[in-house]
Amino acid sequence: MTFLPRTPVVLLMGLTTGLLAFQSGGFQRRFNPYPAYESAGDSKHEFAWSRLQYTPLGGGGYGGFGGYNRGGFSSWSRDYPKADITFLAALRRLTRIDARSYQQVVDLESDAIFNFPFVYAVQVQSWTFSDQQAARLRDYLLKGGFLMVDDFHGTADWESFLRGMRMVLPTEKYPISDLADGDEIFHVLYDIGQRFQVPGEQYVNTGRTYEKDGYVAKWRAIRDDKGRVIVAICHNMHLGDAWEWADDAQYPEPFASMAFRVGIDYVMYSMTH
Amino acid sequence: MFKFLFKYPWSTFSRGHFVLLGAWPAWMLGLSIVVVSSGLALLIRAKLTPGDVGSRKFRVAGIWLLQSMLAALLLLLLWQPAITTAELKPQQDIIVFLVDDSRSMTLAENGTTRQAQAIAALGAGVLTGVEKRFQTRLYRFDRQAGRIANLKELHGSVPATRIGDSLKQIAAETQELPVGAIVLLTDGADNSGGIDADTIAALRSRHIPVHTVGFGADHATHDVEVDDAVMAPRAMADSRLGGVVRFHQYGYGGRKGKIVVRDGTTILASHEVTLGPDGAAQSDTLLFNVGAAGAKALQFSIEPLPGEESAVNNSVSRIVNVESDKRRVLYLEGEPRWEYKFVRRAEEDDRIVQLVSMLRTTENKIYRQGVQDPKELAEGFPTRAENLFAYQALVIGSVEATYFTAAQRELIREFVDRRGGGLLLLGGRFSLADGGWGVSNLADLLPVVLPDAKGTFHVEPATVELASAGVDNYITRLVDDSAANAKRWKSLPYLMDFQEPGAPKPGATVLADMSAGGKKMPMLTTENFGRGRTAVLATSGTWRWQMNSPVGDSAFTLFWQQLLRWLVTGTPGHVTASVPNQMLLDDGRVALSAEVRGDDYQPAGDARVEAHIIGPGGVSANIEMTPTPDAPGNFQAEWTANTPGSYLTEVIALRGERAVGRDVLTFQRMDGVAENFHTGQNRELLTRLASQTGGRYWRPQDLADLPDEIAFSEAGVTTRETRELWNMPIFLLAMVLLRFTEWLLRRKWGIV
């Protein structure tokens, strides 16, 4: 009688269980204690951390929460909801912003997004828009909304991100520029002088601060006709992971601190400019 | 008929004094009447029997009354009634004929000018009739009076009429002469605003009656006339300004007219109005963008209608000083809020109003925006008057009253009351009642009585609509048309939150209301307080108007820009110069006044104030203004602009060599314009003038009696005449009537 080696068996069982779990709606959906589509009426606070739900590249719909599911790659919900909740805890503790303690999911299918002038999007290399969705996001930004994008890495992701972004704001009128140290967005609450690349949780295992070919963090922005930042672009970094893993003893504190300070400054900027 | 019955004309009675010529005193007449009447009553009563019923008593009383009246009349005649009058001495007194020779007298009615009517009236025996008894002097007048030899010297070319000045001039020139009366022939279209009390007093002191003869119809048959246009004398550049045009019309009731306001040849605004009934006063408000800085003469007009008798009275000019100096608003916000962001964005488009803001981002950090230098507000909210008073308005967001020290709260009060600044309180978690403002010493500044409760701020939707006072208000005007404006407000997206503001105070104005949960409450309430103004906007959720309206919708931006401009517009500087009327019509006299306040905005009575005036044709004058008695910090000066044109005046206040402040104002002299207005006969003015001086108002067709009546005057050289009245036919007629009536009643009632 021949016994199968123990390690491969364990790995196989784990993989099988994981796939079954994803196919049935995803871990996070199953254990998610937070409602997926909070309505505007649920907000009894001034500020709600709003995460943009979009149709991912190759997907037929919004997909589920995290990882893969039947609908396709649900990239918009990466790090959801722990990143959001952890960041909100910091925001509530460190500022006078009357912020709701849990996140809000917004999409571009309805006008409800206009009740939330700050929106956060991740994995934006995979976002796609219909013409109507792009127009709604453009209106949102031009009327005073603020978009922060995070967690996309390298040249290919950048090009993919641009395809969607240019549907919303055309290059000629809304060029993308690098943010400088002296830009007001880095000084609204915290003076952030020396910025460095904030890696995702993969740093704990690999020691690398970059992913793909995104070796250098790019702090970029799109401004409106008065020079105000309306889209803050965090390329080649993963602030969301830093918030999510801030309470992990193995995740370096300087990265988490930088991520919190940048996030708070961005929120504060969006509420003052 | 009057003269037949009363023997003398009415003027004899109206100008004479009643007297009794009999030797017995007047009180004996009264006593005699009482005694005789009582005697008659006793006699009649003695004839009554106990069985007489009420109707018989009533009839007997009637007979007694008739007999008593007859007896009283006879007794009156025994006392010899008479009337005494003062009359001019023939050939000794002078009668002055003063004929209006202004341009309005050349207006024609029924094919004849008013001047021709006057000449014809005088020529129809009136002048010769008077000349037979008295000396006469003939004058013409327009701006001033001038003696003429005959009526052919009238030409009617001068576009001004000053009745008061002309009468005063005549009174002065004839000071040493026995002027018995003045006959004034005019249409009464005076341009100087009436006849002043000094002129009336000068005439009355010499007992000179002014007989006025009115020419011209009371009004035109087909004419539209602009009576007035009212707008603020100052405005900020690029601001919307409201001008109220008052007008009336004859002959076009129900027709459409077009009201226009122009700056030079540029039309700033226009819209149609339906003309009201003949002679009815109408008014309409035009809203327009006043444009770039500078002194501007705006023309308010109603486009001429077909067949109008006069089109020159369809427009008036008004001057506005459009100022471009920056107005600074200090906005203190207690927590980061979307309203703060969107208000700042709205104000970034305003080139005049600068929003300087302090935002409490954390417990101990304040983020400043819009500061002029790094030191501004670095120490927090100002604690010194000169620092806070550098702003024109103050906006306080979600901040508890106790955030301020007692001294700072007092400073806020002084900011409104003494400095004349604007204060706006916004709704929020720490605002109004929830922020303890209702129990603070600043509660009386607010235009509402805040509720005595906590938890008044709700993050719940609330719909908005205009209150009646807000429909035409500058702050809440999103669309020029009133009805469309009210509709626009109802279509605004709902507010993100609201706060219960309590009840508006008496004197406060609610401009907009909001409704939530079936409850309606004031959203925006304003009030004047001291020299300044206050407002409560009981929400922090208007930003939703911006985010939930189409791109490019201006409702949110317009509302906030207008609200903050209202907040700063009335805030005075250290020097505020003014003139009673910026448009001088035919009269160049101007009274300058200035209010001067020091750094702390206390009256600066020790200042030295100068006015530098620059006018047309190189006219230049420096005037030292003098303190106004009993009004500390107020200064005044009088000056005359002799030449038509625009005058720029800079008023500077100095303390030693240091400038306290300056102000600039503009006025304009226009000659010949006023004559185009109010061209109908001013009968009311002429009647009043005659009445005040003891003369009479005459219609031209009644002038035949003038030569006789003009003799009754107490001016000049007079004699006193006594005329007996006992032989007036009216007395005989009255006696016969009384007896006949008594006889008739006795026969009818069977009383013998």
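This tour moves through a predicted model, one selection at a time.

**Stop 1: where the chains meet**

Start with both chains in view. Select the residues of chain B that touch chain A. There are 24 of them, in contact with 25 residues of chain A. Now colour the elements of chain B that each supply at least two residues to this side: helix 8 (338-348), strand 19 (353-360), strand 20 (366-369) and helix 12 (543-547). Keep helix 8 of chain B highlighted. Its six residues are the largest share of the side that touches chain A. Next, colour this side of chain B by residue type. You will find nine nonpolar, five polar and 10 charged residues.

**Stop 2: a covered strand in chain A**

Select strand 11 of chain A, residues 229-235. Is this strand mostly covered or mostly uncovered? Mostly covered: seven of its seven residues are buried.

Add strand 8 of chain A, residues 146-152. Strand 8 runs parallel to strand 11, and the two pair over four bridges. Pick A:Phe152, and look across to A:His235 in strand 11, which stands opposite.

Now add strand 10 of chain A, residues 218-223. Here the pairing with strand 11 is antiparallel, over six bridges. Click A:Ala221; its bridge partner in strand 11 is A:Ala232. Strands 10 and 11 of chain A form a hairpin, with five residues between them. Zoom in on the turn and find A:Gly227, whose phi is positive, at about 85°.

**Stop 3: the nonpolar cores**

In soluble globular proteins, nonpolar side chains tend to be buried together. Which residues touch the most other members of the largest nonpolar core? They are A:Ala121, A:Ala259 and B:Val329, in a core of 169 residues. Select helix 8 of chain A, residues 253-270, for the largest share of this core: 11 residues.

Then centre on A:Ala121. Beyond its neighbours within four places in sequence, A:Ala121 is in contact with A:Leu52, A:Tyr54, A:Trp76, A:Trp127, A:Leu147 and A:Val149.

Another core, of 44 residues, lies apart from the largest one. To find it, select B:Ala181, B:Leu185, B:Phe215 and B:Phe712, which are among its members.

**Stop 4: an arginine in chain B**

Finish at B:Arg137, in strand 6 of chain B (residues 135-141). B:Arg137 counts as partly exposed because 17 other C-beta atoms lie within 10 Å. Show its contacts, leaving aside neighbours within four places in sequence: B:Ile94, B:Val96 and B:Arg147. Last, draw a distance from the C-alpha atom of B:Arg137 to that of B:Ala535. The two residues are 398 residues apart along the chain, and these atoms are separated by 66 Å.

Terms used. Residues numbered from 1 in each chain as written. Chains lettered and ligands numbered in written order. Predicted model: local features only at pLDDT ≥ 70, side-chain atom pairs only at ≥ 80, totals over all residues. Contact = placed C-beta atoms within 7 Å. Nonpolar A, V, L, I, M, F, W, Y, C, P; charged D, E, K, R; others polar. Buried ≥ 20, exposed ≤ 12 C-beta atoms within 10 Å, placed from the backbone. Pairing = 2+ DSSP bridges. Core = buried A, V, L, I, M, F, W, Y, C linked by C-beta atoms within 7 Å.
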